[in-house]
Amino acid sequence: MQQDTLSYDSLDSRPLPKWLIDQKSGVTGYQPEELVMKEDHSLEISFIVTGVFIVLLAIFITLYLNKKHKNQAS
Amino acid sequence: MKKRKFLAVILLAAFVSLACTTRVSEWVLLNSAAHQYSLIYFHKGFVSESVKKQNQKLAEGISSSNIQFKSVSRQEIAEPYYGLYYEGRFFSKYKTVDDLKGLTSSPLRKKVAAELMAGKLCVMLYLKTDNKEKDEKGLNTLHSAIESSPFGKIITVLELSRNSREEHHFASLLLNVEDDLKDIQEPMLFGIFGRFKALEPLLGRGITEENIHLMIDYFTAECSCLIKDDLPGTDILAPDQWENPQTALLNKIIDDNPSLGY
């Protein structure tokens, strides 16, 4: 690993070997997978679908009962 | 046919899992061939028969090491000389063939190679300045760190004076691991592993127990692709005899104490 001898003024400011920097920062091992939170709309979709289903079912039952009553009345 | 495919898949999976759990020190010893040095004889165009014979003998003598010999004509040079290069970096200049005696091998290098082939984790080579006060401070730190390490028994500590006559080629190679080391009059600690690969050293006040433990951690780490693709260090010139090393002693320690493997 070559290092630029002119890049430091004293021994204390001499750059550390790359392997040591890597060891200190822990990049030589396998990196744990970064967990990224994604937006989850499944609950909203579920509510909407359920609501639409209930409304449609109510309309269907209302129409069905209306038709049944009309038939019985006639 | 299906059985064969199944077996192949199992073997491949076993190989992949083995590759992932092999430790850095063992993986480098088994798989990473040492880089080649170049010894170049620079001359002005005319080479006498006696020098040709001398160079042929020299080339034969060093052929079993990680070095190749070349002869190059250059009109601008004042007189012929030998130049030692590694990966395009100039290391040393030698006026005569006598100066090259012991270039590729020496007693201490044989000892280091023998330790690596015996399955040791690494050799920690302490390069002394011959300033007693400076040398002892770093050496005490080194011994203390080795004693407190669970891997201490599989690490060999060797000492060498940078002014050693017998090992002057070895000392010179170590001082060429980085461009500026020759100008730094401080004790240095080289971690040597694999096929005689020397890590960039800890030096002077950088020889601390913490840094020594980090060096040991590097050697005992699982060999990730990140490490394989960007191996640090410089291969030291030595006889190229790395066939059939002993099983890494590290494996037994980790098998007995799995918590040390993480």
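**Exercise 1. Contacts and make-up of the chains**

Task: In chain B, what share of the contacts with a separation of 6 or more comes from residues 24 or more positions apart? Then set out the make-up of each chain.

Solution. Step one: residues 24 or more positions apart account for 75% of the contacts in chain B with a separation of 6 or more. Keep in mind that this is a predicted model.

Step two: list the secondary structure. Chain B holds 9 helices and 10 strands, while chain A has 2 helices and 0 strands.

Step three: look at burial. Of the 262 residues of chain B, 51% count as buried; for the 74 residues in chain A, the buried part is 12%.

Step four: add the surface. Chain B exposes about 13600 Å², with 53% supplied by carbon and sulfur atoms. Chain A exposes about 6600 Å², and there carbon and sulfur atoms supply 65%.

**Exercise 2. An open sheet and its helix**

Task: What is the strand order of the open sheet of 4 strands in chain B, and which strands stand at its edges?

Solution. Step one: the order is β2-β1-β3-β4, with mixed pairing.

Step two: find the edges. β2 (67-73) and β4 of chain B each have a single partner strand, so one side of each is left without a neighbour in the sheet.

Step three: check the twist. Neighbouring strands of this sheet are turned by 25° against each other on average, direction ignored.

Step four: go to the pair β1 (residues 37-43) and β3 (residues 81-86) of chain B, which run antiparallel over 6 bridges. Within this pair, B:Leu39 has B:Leu84 in β3(B) as its bridge partner.

Step five: place the helix. α3 (residues 49-62) of chain B packs on the sheet and touches β1, β2 and β3 of chain B. The direction of α3 makes about 155° with that of β2(B).

**Exercise 3. Following B:Leu84 into the core**

Task: How many residues does the largest nonpolar core have, and which have the most contacts inside it?

Solution. Step one: the largest nonpolar core has 45 residues. Those with the most contacts inside it are B:Leu84, B:Leu125, B:Phe170, B:Phe190 and B:Ile192.

Step two: a second, separate core has 33 residues, including B:Val28 and B:Leu189.

Step three: take B:Leu84 as a probe. Leaving out residues up to four places away in sequence, its contacts include B:Leu39, B:Ile67, B:Phe91, B:Leu103, B:Leu173 and B:Leu237.

**Exercise 4. Strand β7 and its partners**

Task: How many residues of strand β7 (residues 188-193) of chain B are buried, and which strands pair with β7(B)?

Solution. Step one: 6 of the 6 residues of β7(B) are buried.

Step two: split the strand by direction. B:Met188, B:Phe190 and B:Ile192 point one way, and B:Leu189, B:Gly191 and B:Phe193 the other way.

Step three: collect the pairings, each of them antiparallel.

- β5 (residues 122-128) of chain B pairs in the antiparallel sense with β7(B) over 5 bridges, and B:Val123 has B:Ile192 as its bridge partner.
- β9 (residues 202-203) of chain B pairs in the antiparallel sense with β7(B) over 2 bridges, and B:Met188 has B:Leu203 as its bridge partner.
- β8 (residues 197-198) of chain B pairs in the antiparallel sense with β7(B) over 2 bridges, and B:Phe193 has B:Lys197 as its bridge partner.

Step four: inspect the turn. The hairpin of β7(B) and β8(B) has 3 residues between the strands, and B:Gly194 takes a positive phi near 55°.

**Exercise 5. Two crossing helices**

Task: At what angle do the axes of α4 (residues 107-117) and α6 (residues 168-175) of chain B cross?

Solution. Step one: the axes come within 8 Å and cross at roughly 65°.

Step two: name the residues that meet. B:Leu108, B:Arg109 and B:Val112 in α4(B) face B:His169, B:Phe170 and B:Leu173 in α6(B).

Step three: sort them by class, which gives 4 nonpolar, 1 polar and 1 charged residues.

**Exercise 6. Two loop residues**

Task: Is B:Thr22 buried or exposed? Where does B:Ser105 stand by the same test?

Solution. Step one: B:Thr22 lies in the loop between α1 (2-21) and α2 (24-31) of chain B. Its relative accessible area is 13%, and buried means under 20%, so B:Thr22 is buried.

Step two: the contacts of B:Thr22, not counting residues up to four places away in sequence, are B:Trp27, B:Ala221, B:Glu222 and B:Cys223. B:Trp27 is also one of the buried residues of α2(B).

Step three: B:Ser105 lies in the loop between β4 (89-94) and α4 of chain B. With a relative accessible area of 22%, B:Ser105 is partly exposed.

Definitions and conventions: Residues are numbered from 1 along each chain as its sequence is written. Chains are lettered from A and ligands numbered from 1 in the order in which they are written. This is a predicted model: local features need pLDDT of at least 70, side-chain atom pairs count only at pLDDT 80 or more; totals for chains, interfaces and linings use all residues. Side-chain values use heavy atoms; hydrogens and water are left out. A nonpolar core is a set of buried Ala, Val, Leu, Ile, Met, Phe, Trp, Tyr and Cys residues joined through side-chain atoms within 4.5 Å. Buried means under 20% relative accessible area, exposed over 50%, partly exposed in between (1.4 Å probe, protein chains only). Contact means heavy atoms within 4.5 Å. Axes are lines fitted to C-alpha atoms, for helices over the stretch in contact, and angles run from 0 to 180 degrees between N-to-C directions. Ala, Val, Leu, Ile, Met, Phe, Trp, Tyr, Cys and Pro count as nonpolar, Asp, Glu, Lys and Arg as charged, and the others, Gly among them, as polar. Two strands pair if DSSP finds at least two bridges between them. Accessible areas come from the Shrake-Rupley method with a 1.4 Å probe; for residues, only the protein chains shown count as cover.
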